[in-house]
Amino acid sequence: MGMGMGITPNAFMQSPPATNTVISQPKSVTSSGNTTITTSPTTSTSTTSTISTSSTISTSSTNSLPTGTPAYKLTVTTQPPTQTVYQRILKPFPAVTLHHSGDSSMHNLFVEASLIRSDEPKELPKCLEGTRVVPLGASLFTSFKKLKILATSQQQGTTFRIMFQLKRYEGSIFHTVPGVIVLSNPIEVYSHTYYLPNRRRNAGAAPPTLTESIPPSGHTRGGEKVLLLGVNFVESENLVVAFGDVLVKPTFHEANALICITPPGLSGSRVSLQVSNDGANFCQSDVTFLYF
């Protein structure tokens with residue numbers, strides 16, 4: 001079909017491939033990309049949230065987090081929403097991928113999700129509900145589809161982060177794999193009384209429509225660039241593309257073109273493709289993507 005958008009498939013395919021940002025043992029905590037904790041004396045965090053937070057996280061406190069081990073590394077593949085309503089399932093579903101050295105044992109591995117404050121590494125165990133411990137499959141990728149935050153940023157005086165930690169199940173007990181931790185971007189949580197009036201004020205935009213994927217298939221390992229064509233795509237924090245049950249953050253090119261990096265898939269599987277401008281309401285689409 002005609003491109004009608006100022007780019008060509010050849011030009012698109014020759015552009016440098018986008019990659020997920022992986023930060024290995026940084027010296028500070030940042031509010032973009034994957035974040036890990038180090039043993040630096042102080043760590044600064046910044047956020048665009050209107051909630052007032054402390055600027056320093058001290059790793060010398062009893063809440064300090066261990067450093068990473070070289071055998072394993074977790075990265076956030078799909079970030080949770082930057083803003084959400086309390087007691088609502090987090091969408092896009094947060095997802096993580098495990099990277100490992102060749103001689104690492106991959107048996108009985110799980111990932112646990114915990115909620116912490118953004119201004120200090122303090123866990124809030126009563127403020128996160130849902131399936132918090134999920135297994136890592138053969139692809140070493142997993143997502144959390146039922147997480148709900150049970151407090152607002154106004155109540156706690158801070159934004160939140162999801163802390164993902166690697167666990168190993170042995171002898172009917174979950175053991176923590178020391179130091180294999182990654183943090184999500186900050187999440188600001190509103191009450192319904194704040195969110196609903198603002199959402200109505202911004203309502204009325206036409207829903208997106210997806211018409212074509214170029215190419216329509218790709219390798220099971222994922223990591224390949226695809227161009228999605230359609231109409232009414234909106235550049236926003238919540239713009240997301242679903243490859244079956246897996247959500248990925250696309251690069252907005254224009255209102256009728258998105259660029260995605262494919263997630264891993266199963267050989268021979270054909271998954272449906274859908275687009276959402278708000279991270280919650282997805283378009284109905286006949287477009288599919290085949291893994292080989």
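## Notes on strands, rings and backbone

1. Pro215 lies in the loop between β14 and β15, where strands are DSSP runs of E with at least two residues, numbered from the N terminus. The peptide bond that leads into Pro215 from Ile214 is cis, with omega near -5°. A second cis bond runs from Lys91 to Pro92, with omega near 0°. Pro92 sits in the loop between β4 (83-85) and β5 (95-100). For context, most peptide bonds are trans.

2. A word on the ground rules. This is a predicted model, in which local features need pLDDT of at least 70 and side-chain atom pairs count only at pLDDT 80 or more, while totals for chains, interfaces and linings use all residues. Residues are numbered from 1 along each chain as its sequence is written, and side-chain values use heavy atoms, with hydrogens and water left out.

3. Now to the sheets. One open sheet has four strands in the order β14-β16-β20-β19, with antiparallel pairing; two strands count as paired if DSSP finds at least two bridges between them. At its edges stand β14 (209-214) and β19 (251-254), each pairing on one side only. Neighbouring strands here are turned by 25° against each other on average, direction ignored; the axes are lines fitted to C-alpha atoms, and angles run from 0 to 180 degrees between N-to-C directions. Strand β16 (residues 225-231) runs antiparallel to β14, joined to it by five bridges. If you want a place to look, Ser213 has Leu228 in β16 as its bridge partner.

4. The other open sheet to look at has five strands, in the order β15-β22-β21-β17-β18, and its pairing is mixed. Which strands stand at the edges of this sheet? They are β15 (217-218) and β18 (246-248); each has a single partner strand, so one side of each is left without a neighbour in the sheet. Strands β21 (residues 270-276) and β22 (residues 288-291) pair in the antiparallel sense over three bridges. Within this pairing, Val271 finds its bridge partner in Phe289 of β22.

5. Gln274 deserves a look of its own, and you will find this residue in strand β21. A polar atom of its side chain lies 3.1 Å from the backbone oxygen of Cys283. That fits the rule for a polar contact: a pair of N or O atoms within 3.5 Å, where, within protein, one must be able to donate a hydrogen and the other to accept it, and residues adjacent in sequence count only if both atoms are side-chain atoms. Leaving aside residues up to four places away in sequence, Gln274 touches Leu210, Val240, Val241, Ala242, Phe282, Cys283 and Gln284, with contact taken as heavy atoms within 4.5 Å.

6. How many aromatic pairs are there? The count comes to six, where rings of Phe, Tyr and Trp (its six-membered ring) pair if their centres lie within 6.5 Å, and planes under 30 degrees apart count as stacked, over 60 as edge-to-face and the rest as tilted. One of them is Phe144 with Phe164, a tilted pair at 5.3 Å centre to centre and 45° between the planes. This pair links distant parts of the chain, 20 residues apart: Phe144 is in the loop between β9 (141-143) and β10 (148-149), and Phe164 is in strand β11 (residues 160-170). Phe144 has a relative accessible area of 0% and is therefore buried, and Phe164 is buried too, at 0%; buried means under 20% relative accessible area, exposed over 50%, and partly exposed in between (1.4 Å probe, protein chains only).

7. Tyr169 and Phe174 make another tilted pair, at 4.8 Å centre to centre and 55° between the planes. Are these rings' residues buried or partly exposed? Tyr169 is partly exposed at 33%, and Phe174 is likewise partly exposed at 38%. Together with Phe110, Tyr169 and Phe174 form one aromatic cluster.

8. Back to the backbone. Most residues other than glycine have a negative phi. Leu140 is not a glycine, yet has a positive phi of about 60°. Leu140 sits in the loop between β8 (133-135) and β9 and is buried, at 14% relative accessible area. Asn232, also not a glycine, has a positive phi of about 65°. This Asn232 is in the loop between β16 and β17 (240-243) and counts as partly exposed at 33%.

9. Lastly, the cysteines. The structure holds zero disulfides, a disulfide being a pair of cysteine sulfur atoms within 2.5 Å. Cys127 is buried, with a relative accessible area of 11%, and Cys260 is buried at 0%.
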